[in-house]
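Here are a few exercises to work through with the coordinates open in your favourite viewer. Try each task before reading its solution.

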Amino acid sequence: MSGVTIVGTGHFVPGSPVPNDALARVMETNDEWIRARTGIRQRHFAVEGQGPSDLALEASNLALANAGLEPSDVDYIIFATMTPEHFFPGSGPLLGAKLGIAGIPALDIRQQCAAMPYALQLADGLVKAGAAETVLLAGADVHAGFMPWQDWDVVRGEAEREITADAYERANRHRGLAVIFGDGGAAMILRRSPSADGGLLGAELHSDGRAYDHLFVPGVGFRQIPYVTPESLEADAHIPRMAGPSLLKKAVRTLSSTVQSLCTSHGVEQNDIECFIAHQANDRINRAVRDALRIPSDKIPSNIARYGNTSAATIGILTDELRREGRIREGDLLCFLALGAGLNWGAALMRL
């Protein structure tokens, strides 16, 4: 039985690009420092009142148009985000309502940056089980609310002034994390492949909660009563903590071994894979994975320089760009790979 394949893609990023030098207005950093450590040159940030379902709506409309379909053709939504508009409900029902298809099932998943391999396996199972025919897979994240500065007009270049010493020091405490993230949304339209050997071939997925503290939000949760307190906000416990060096080592080791295992289990030679579409977390990670797997550089493309890490949206944004540029096309064998908070990680093989 053939698996699901991609019949349409779209992506959307909010506002104007925010270059690295703009971040130097509110904390001690510079373009060279950021590029050397992450490969990022710029990112986009949402504005007040703009949530992940808004970004996903724009991306979904583009994906539907790309597939030649209408919103009414969608019969299931999978929405991947770690930054929903509300603690609950999730963003999936909001997206359905904004598309004018309220009433269809909408499922939110929380595998953070690793969401796409999980979502592809889930969509494939829904279609094979007869629960859906056309799945809208959306991934969108708005990280602006995590950012450790308050002078947004200065960051956006709308004002010029010196910020306070306290504000500068606070931003510096979270500099390693703040330079990485950007906001964006992506969408894929998935249907069963018409080819007997096409579509999703398989996925290998893993999680390990023992390493949860490598990337997590320490406060604003239900171990404390109430779940958010003035003290936790004062301590910046709502801003993620990241063990960067250790996370890099784990990502390289787990992703390379997972790709090798997946290929072996499906009788696929790595050389037969036309493109490895990796989560765009950090160029250093993806270069190390490339070297570990001995992948030619042209087979593992990168766009992190323009967007930063948009979490659940990165794979979708890159996939849309590659399809529209003609760099991936029908018949190509693809490998999607990602690691995210949880820790969650995985890889998926698909023949377009």
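## Exercise 1: A buried acid and its partner

Asp 236 counts as buried, at 3% relative accessibility. Keep in mind that this is a predicted model.

**Task.** Find which residue forms a salt bridge with Asp 236, and work out where the two partners lie in the chain.

**Solution.**
1. Begin with the charged atoms: Asp 236 forms a salt bridge with Arg 173, and the closest N and O atoms are 3.3 Å apart. The cut-off for such a pair is 4 Å, so the distance qualifies.
2. Next, place the residues: Asp 236 sits in the loop between α9 (230-234) and β10 (241-242), while Arg 173 belongs to helix α7 (residues 165-173). The two are 63 residues apart, and the pair links distant parts of the chain.
3. Now check the exposure of the partner: Arg 173 is partly exposed, with a relative accessible area of 49%.
4. Finally, look around the pair: Glu 169, Arg 170, Arg 173 and Asp 236 are linked in a network of salt bridges.

## Exercise 2: Two more salt bridges

**Task.** The whole structure holds 13 salt bridges. Take the one between Asp 124 and Lys 128, and the one between Arg 210 and Asp 208, and describe the setting of each.

**Solution.**
1. Side chains of opposite charge can pair when their charged atoms come close.
2. For Asp 124 and Lys 128, the N to O distance is 3.0 Å.
3. Both residues belong to helix α5 (residues 115-128), and because they are four residues apart there, about one helical turn separates them. An α-helix has 3.6 residues a turn, so residues three or four places apart point the same way.
4. Asp 124 is buried at 8% relative accessible area, whereas Lys 128 is partly exposed at 34%.
5. For Arg 210 and Asp 208, the closest N and O atoms are 2.8 Å apart. Here Arg 210 is exposed at 74% relative accessibility, and Asp 208 is buried at 16%.

## Exercise 3: Classifying ring pairs

**Task.** There are seven aromatic pairs. Decide how the rings are arranged in the pair Phe 87 and Phe 222, then do likewise for Tyr 212 and Phe 216.

**Solution.**
1. A pair of aromatic rings is described by the distance of the centres and the angle of the planes.
2. The rings of Phe 87 and Phe 222 are 5.1 Å centre to centre with 85° between the planes, which makes the pair edge-to-face.
3. Phe 87 is in the loop between β4 (76-80) and α4 (92-99), and Phe 222 is in the loop between β9 (215-216) and α9, so the pair ties together parts 135 residues apart in sequence.
4. Phe 87 is partly exposed at 48% relative accessibility, and Phe 222 is exposed at 58%.
5. For Tyr 212 and Phe 216, the centres are 5.3 Å apart and the planes at 80°, so this pair is edge-to-face. Tyr 212 is partly exposed at 41%, and Phe 216 is partly exposed at 24%.

## Exercise 4: Around helix α2

**Task.** Inspect both ends of helix α2 (residues 31-38), then locate the charge that sits over the ring of Trp 33.

**Solution.**
1. At the start of α2, a side-chain oxygen of Asn 30 comes within 3.1 Å of the backbone nitrogen of Glu 32.
2. Just after α2, Gly 39 has a positive phi of about 85°.
3. The charged end of Arg 175 sits over the ring of Trp 33, 4.5 Å from its centre.

Definitions and conventions: Residues numbered from 1 in each chain as written. Predicted model: local features only at pLDDT ≥ 70, side-chain atom pairs only at ≥ 80, totals over all residues. Heavy atoms only, no water. Polar contact = N/O pair within 3.5 Å; in protein donor to acceptor, adjacent residues only side chain to side chain. Salt bridge = Lys/Arg side-chain N within 4 Å of Asp/Glu carboxyl O. Buried < 20%, exposed > 50% of the residue type's maximum accessible area, 1.4 Å probe, protein only. Phe/Tyr/Trp six-rings, centres within 6.5 Å; stacked < 30°, edge-to-face > 60°. Lys NZ or Arg CZ within 6 Å of the ring centre and 35° of its normal.
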